[in-house]
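Trainee: Got a minute to go through this one with me? I'd like to start with the sheet and then get to the core.

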Amino acid sequence: MEYRTLGASGAVVSTYTLGTMTFGNETDEAGAHLQLDRYTEAGGTFIDTADVYTGGVSEQIFGRWLAKSSARDTVVLATKGRFPTGDGPNDVGTSRIHLRKALDASLDRLGVDHIDLYQLHAWDPVTPLEETLSFLEDAVRAGKIAYAGLSNFTGWQLQKACDLIGYRGWSKLVTLQPQYNLLVREIEWEIVPAAQENGLGLLPWSPLGGGWLTGKYSFDEEPTGATRLGENPDRGVESWYRRSRNQRVRDVVDAVREIAEARGISMAQVALAWLVDRPMITSVILGARTLEQLDDNLAAADLHLTAEETAKLDEASDPGAADYPYGGPGVAQRGRPITGGRS
C-alpha cells in the first residue's frame with residue numbers, strides 16, 4: 001500500500017480508501033468485518049462512511065468493528081452529513097440544527113469521540129454557506145472533527161466555500177469527494193482545477209463506473225442476476241440502457257480490456273491504476289460487495305501504468321469538450337510563454 005497526505009493537511013492516508021456504502025445492505029455485518037480486517041491487514045488506513053448509508057447501519061457496523069479492532073489507532077475515519085435522516089423539516093440539509101444532530105448521531109453510532117474527516121455530503125441551496133462553514137469551524141475548535149471536506153460540490157461551489165473560509169480565517173477544507181472514473185472525466189474542466197488551486201485532495205467515488213470498467217456487463221444483453229444493474233438495469237448514472245448505447249463507453253471498456261489482457265491483470269485493476277495517478281488524487285474509494293472483489297481491487301495498491309498505457313486510456317476516455325472554453329482555443333489559452341509579447 002502507498003500513502004499520501006490528506007489534501008494539503010499533514011495527515012497521511014493510504015492511496016486506496018475502503019468505502020462502506022454496501023455495509024448492512026449488499027454486505028452483511030460478518031462480511032463487512034472481514035472486509036475491514038482484510039483491508040487493514042493490507043496496509044489500508046482510510047475508511048469512508050456516511051450517516052445515510054443503509055440508514056445509519058453502515059456506521060454502526062463500522063463502529064462495532066472499531067470497538068474490537070487493534071487498528072483503531074491507525075485508521076483515519078471519515079463520514080458525511082447533509083441528506084435526510086428523519087421526516088422533520090430540520091432533518092436534512094447543512095443548517096446548524098441538522099449538522100449538529102447529524103454529527104452527534106454519527107459519533108454515537110461509530111462509538112468515538114471525534115471524526116477525523118467530516119464531509120458535507122452535497123451542496124445545500126437553502127442554508128447560507130456561512131452558517132454551514134461556521135458550524136464546521138466550531139466543530140474543529142471543539143475537537144469533534146479534525147478536518148472538514150466536501151462531497152459532490154461543483155467548481156463554483158467549491159471555490160465559494162474556500163473563498164469564504166479564507167476571508168474568515170477559518171480552518172481550511174482538505175478534500176473533495178466527487179464521482180470520477182474513465183467514463184466520468186468532466187470534473188477535469190472546472191472541479192479539478194479548483195481543487196488544485198485550493199489544495200484539496202480528491203477522493204473519487206465510483207472508480208469502476210458502477211461496474212462497467214470491470215467488463216462484467218455486455219453491451220448487447222440486458223444484465224440479470226446479483227449485480228447492481230442485474231437487479232435494476234436503469235439504476236442511476238450507470239444505467240445499462242444509457243451506457244450500452246454510448247460508443248465512447250464501448251471504446252473505453254475495449255481499451256481497458258486490451259491493457260488488462262496484455263498485463264495479465266483484471267480490468268478493475270487497470271481502471272484503478274489509471275485513476276490513482278491523476279492530478280490531485282489523495283485516495284480512491286473502493287466499494288466492494290464481496291471479499292473477492294476487495295481482494296482484486298487491493299491488488300492494484302502498488303500498480304502504476306506506463307505512459308503509453310495512460311495515453312491510450314486518456315484518448316479513449318476523452319469526454320470531448322465541444323468548444324470554447326473547455327476545448328480548442330480555450331485549452332491553448334491556459335498557458336503562455338513567460339516572455340510574453342507577440343514574438
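Mentor: Sure, we'll take the strands and then the packing, keeping in mind that this is a predicted model.

Trainee: OK, what's the strand order in the open sheet of 8 strands?

Mentor: It goes β9-β8-β7-β6-β5-β4-β3-β10, and the pairing is parallel. The edge strands are β9 (201–202) and β10, each of which pairs on one side only.

Trainee: Let's look at β7. Is strand β7 mostly covered or open?

Mentor: Mostly covered: β7 spans residues 145–151, and 5 of those 7 residues are buried.

Trainee: How many bridges join β6 to β7?

Mentor: There are 5, between β7 and a parallel β6 at residues 115–120. One pair to look at is tyrosine 118, whose bridge partner in β7 is alanine 148. To get from β6 to β7, the chain goes through helix α4 (residues 129–141), and that β-α-β crossover is right-handed.

Trainee: And how many bridges join β7 to β8?

Mentor: 3 bridges, again with the strands parallel; β8 covers residues 175–177. Leucine 150 has leucine 176 in β8 as its bridge partner, while glycine 149 sits opposite threonine 175 in β8.

Trainee: Which helix makes a β-α-β unit with β7 and β8?

Mentor: That's α5, residues 155–168, and the unit is right-handed.

Trainee: Back to α4 for a second. Which strands does α4 touch as it packs on the sheet?

Mentor: β6 and β7, and the direction of α4 makes about 155° with that of β7.

Trainee: Switching to the core: how many residues are in the largest nonpolar core?

Mentor: It has 97 residues, and the ones with the most contacts inside it are Phe46, Phe62, Ile115, Leu136, Leu173 and Leu313. In soluble globular proteins, nonpolar side chains tend to be buried together.

Trainee: What is phenylalanine 46 in contact with, leaving aside neighbours within four places in sequence?

Mentor: Quite a list; among them are Leu6, Val13, Tyr16, Tyr39, Val76, Leu117, Leu203 and Ser283.

Trainee: Which helix gives the largest share of the core?

Mentor: Helix α10, residues 267–276, with 9 residues.

Trainee: Why call α10 largely enclosed?

Mentor: Because 10 of its 10 residues are buried, so the rest of the structure largely encloses α10. The buried ones include Gln269 and Trp274.

Trainee: What covers the buried residues of α10?

Mentor: The cover includes strands β1 (3–5), β3 (16–19) and β10 (284–286), along with helices α9 (247–263), α11 (291–298) and α12 (307–317).

How values were computed:
Residues numbered from 1 in each chain as written. Predicted model: local features only at pLDDT ≥ 70, side-chain atom pairs only at ≥ 80, totals over all residues. Heavy atoms only, no water. Buried < 20%, exposed > 50% of the residue type's maximum accessible area, 1.4 Å probe, protein only. Helix = DSSP H or I, 4+ residues; strand = E, 2+ residues; numbered from the N terminus. Pairing = 2+ DSSP bridges. Right-handed = clockwise from strand over helix to strand, strands pointing away. Core = buried A, V, L, I, M, F, W, Y, C linked by side-chain atoms within 4.5 Å. Contact = heavy atoms within 4.5 Å. Axes fitted to C-alpha atoms, helices over the stretch in contact; angles between N-to-C directions.
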